[in-house]
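Q: Please take a close look at one part of this structure and describe it for a reader new to it.

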Amino acid sequence: MVISRSRKRRIELIIAALSDTVDPKLLKGFSGKLIVQKIAYLLQEAFGINLGVKFVWHSYGPYSFEIAKDYKLIYNIYLAKAKEDHLVEQYTDLLSNFKEFLDKVKQRLMSNEEEIGYWLEIIASLYMLSKKIYPPPEDLVDELLERKPYVSRHDVIRALRLLKEEGLL
């Protein structure tokens with residue numbers, strides 16, 4: 001299979017972002033697809049790292065059809081190269097702010113590693129609702145809870161506070 005240079009770069013960036021932040025066993029199945037989608041969205045939209053993809057609102061927040069197509073490659077390469085540092089080193093400077101942000105998500109919001117998909121869904125959804133939806137919602141918390149009744153108000157408020165404190169909203 002021939003992979004374009006831009007697709008290769010996108011896949012490498014996502015793998016580098018996952019490295020040391022997400023346990024490879026969490027990337028299997030639906031939760032893994034959700035984690036990859038939200039990391040890709042935040043990389044591109046909140047941290048300005050152009051992955052060359054479009055995102056739309058979907059059931060679980062921001063979604064890219066291109067990232068969905070890349071998922072199997074990302075998953076297989078990440079599992080195979082999770083211990084190799086050359087991909088991570090290549091993008092260290094570019095990803096440093098994103099990795100610092102993910103560390104804060106882990107420290108301030110998560111009680112265990114398995115929650116990463118849940119929190120990334122809330123964070124990416126809040127960001128998309130605040131920046132990419134027209135007209136912008138009057139109350140981000142209420143809007144997100146209307147779209148995602150399975151998340152708690154308390155969690156949405158905590159995630160929103162973190163986004164604001166980090167200057168992302």
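A: What follows describes helix H7 and the loop before it.

The model is predicted, so local features need pLDDT of at least 70 and side-chain atom pairs count only at pLDDT 80 or more, while totals for chains, interfaces and linings use all residues. Residues are numbered from 1 along each chain as its sequence is written, and side-chain values use heavy atoms, with hydrogens and water left out.

Pro135 sits in the loop between helix H6 (116-131) and helix H7 (140-147); helices (H or I, at least four residues) and strands (E, at least two) are DSSP runs, numbered from the N terminus. The peptide bond that joins Tyr134 and Pro135 is cis, with omega at about -5°. In general, most peptide bonds are trans.

At the N-terminal end of H7, Asp139 acts as a cap: one of its side-chain oxygens lies 2.9 Å from the backbone nitrogen of Val141.

Within H7 itself, Leu140, Val141, Leu144 and Leu145 are buried (under 20% relative accessible area, with exposed over 50% and partly exposed in between, for a 1.4 Å probe and protein chains only). These residues cover an arc of only 125° around the axis, which puts them on the same side of H7; the arc is that of the directions from the helix axis to the C-beta atoms. The buried residues of H7 pack against strand E1 (56-58), H6 and helix H8 (153-165), where contact means heavy atoms within 4.5 Å. H6, which comes before the loop that holds Pro135, is thus one of the packing partners of H7.

Note on methods:
Polar contact = N/O pair within 3.5 Å; in protein donor to acceptor, adjacent residues only side chain to side chain.
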